[in-house]
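Colleague: Hey, got a minute to walk me through this model? I'd like to start with the strands and then look at the pockets.

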Amino acid sequence: MTLVGPVGQNSEGDDEVLIETFLRKEMRLKAHTVRHVEQTEEAMVVSIDQLGKRLLRCGVCRQRCQKVHDVMRKEREWRDLSMRGVPLLLRYHPRRVSCPRCGVRVEDFPWAEPWARVSTVLAHAVASLAREVSWQTTALARREDALASLSSDKVCFPLRPWSTA
């Protein structure tokens, strides 16, 4: 399966899928859709929008809400797993919904926690990698990074009174 070009078949007989469709299905978006994908120098930017008049969920109680109160002006951005070595950014203008139980609240995002700026998939990937890497390996890597930055910055620290150098 290739991810570029129109839906159909290429010369090899493999199915082609639009990258927008692939991302929508992978992220399991029901009330949202991928409007367009833009490649910039530093990342692949995915613009997400509400799908038609589908009902959105309250960000507090996750109940489906009949009415959208308003669209927030400021666009939010979430980091997602890289795709083929290119960082992926999700952009979306959140809606505030009128929840019968909670009042006016920001909608629930199926791809991230309400307070997070990384996708749930990325957070789980980082957590699973952190479980596999030992604390000693992490500490050693951090120490080497710190020593490299100190030697390159040529920062001088006074000797401790108890040191024997």
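**Strands, pockets and one serine**

Modeller: Sure, and let's begin at a turn: β8 and β9 make a hairpin with two residues between them, and R84 in that turn has a positive phi of about 55 degrees. Keep in mind that this is a predicted model.

Colleague: Okay, how many bridges join β8 to β9, and which way do they run?

Modeller: Six bridges, with β8 and β9 (residues 86–92) running antiparallel. To pick out two pairs, W78 has L90 as its bridge partner in β9, and E77 has R91.

Colleague: Which sheet do those two belong to, and what's the strand order?

Modeller: They're in an open sheet of four strands, ordered β3-β4-β9-β8, and the pairing is mixed. At the edges you find β3 (32–39) and β8 (76–83), each with a single partner strand, so one side of each has no neighbour in the sheet. From one strand to the next, the twist averages 25 degrees.

Colleague: Mixed how? Which pair is parallel?

Modeller: That's β4 and β9, which pair in the parallel sense over four bridges. V46, for instance, has L90 as its bridge partner in β9. β3 and β4, on the other hand, run antiparallel and are joined by seven bridges. There, V37 stands opposite V46 in β4.

Colleague: So V46 turns up on both sides. What connects β3 to β4?

Modeller: A hairpin, passing through four residues.

Colleague: And is β4 mostly covered or mostly open?

Modeller: Mostly covered, with six of its seven residues buried.

Colleague: Which helix packs on that sheet?

Modeller: Helix α1, residues 19–26. It touches β3, β4 (44–50), β8 and β9, and its direction makes about 130 degrees with that of β3.

Colleague: Got it. What about the three-stranded sheet, what's its order?

Modeller: That one is open too, with the order β7-β10-β11 and antiparallel pairing. β7 (67–71) and β11 (103–106) take the edges, and each has a single partner strand, so one side of each is left without a neighbour in the sheet. The twist there averages 30 degrees from one strand to the next.

Colleague: How many bridges between β7 and β10?

Modeller: Four, and β10 covers residues 95–99. One of the pairs is V71 with R95 in β10.

Colleague: Switching to pockets. How much space is in the largest one?

Modeller: About 340 Å³. It has 16 lining residues, and the ones nearest its centre are E26, M27, D80, L81 and V121. The elements giving two or more residues to that lining are α1, β8, β9 and α2 (120–132).

Colleague: Which of those gives the largest share?

Modeller: β8, with four residues. That's the edge strand we talked about, with a single partner in its sheet.

Colleague: How does that lining divide by residue class?

Modeller: Ten nonpolar, three polar and three charged.

Colleague: And the second largest pocket, how much space does that have?

Modeller: About 240 Å³. Of its 13 lining residues, K30, A31, L55, R57 and P110 are closest to the centre. By class, the lining has four nonpolar residues, one polar and eight charged.

Colleague: Worth remembering if I set up a docking box. Last topic: where does S119 lie?

Modeller: In the loop between β11 and α2.

Colleague: Is S119 buried or exposed?

Modeller: Buried. Its relative accessible area is 2%, and the cut-off for calling a residue buried is under 20%, so S119 falls on the buried side.

Colleague: Which residues is S119 in contact with, apart from its sequence neighbours?

Modeller: Leaving aside anything within four places in sequence, the contacts are W78, R79, D80, L81, L90, W111 and A112. You've met some of those already: W78 and L90 are bridge partners across β8 and β9, while D80 and L81 are among the residues nearest the centre of the largest pocket.

Colleague: M27 is on that pocket list as well. How far apart are S119 and M27?

Modeller: They're 92 residues apart in sequence, but 9.8 Å apart in space, going C-alpha to C-alpha.

Colleague: Great, that's what I was after. Thanks!

How values were computed: Residues are numbered from 1 along each chain as its sequence is written. This is a predicted model: local features need pLDDT of at least 70, side-chain atom pairs count only at pLDDT 80 or more; totals for chains, interfaces and linings use all residues. Side-chain values use heavy atoms; hydrogens and water are left out. Two strands pair if DSSP finds at least two bridges between them. Axes are lines fitted to C-alpha atoms, for helices over the stretch in contact, and angles run from 0 to 180 degrees between N-to-C directions. Contact means heavy atoms within 4.5 Å. Buried means under 20% relative accessible area, exposed over 50%, partly exposed in between (1.4 Å probe, protein chains only). On a 1 Å grid over the protein atoms alone, a cavity is a set of points where a 1.4 Å probe fits but cannot get out, and a pocket is an open set with protein on both sides within 12 Å along at least five of seven lines; lining residues have an atom within 4 Å of a point. Grid points are joined across faces, edges and corners, and a volume is the space filled by probe spheres set on the points. Ala, Val, Leu, Ile, Met, Phe, Trp, Tyr, Cys and Pro count as nonpolar, Asp, Glu, Lys and Arg as charged, and the others, Gly among them, as polar.
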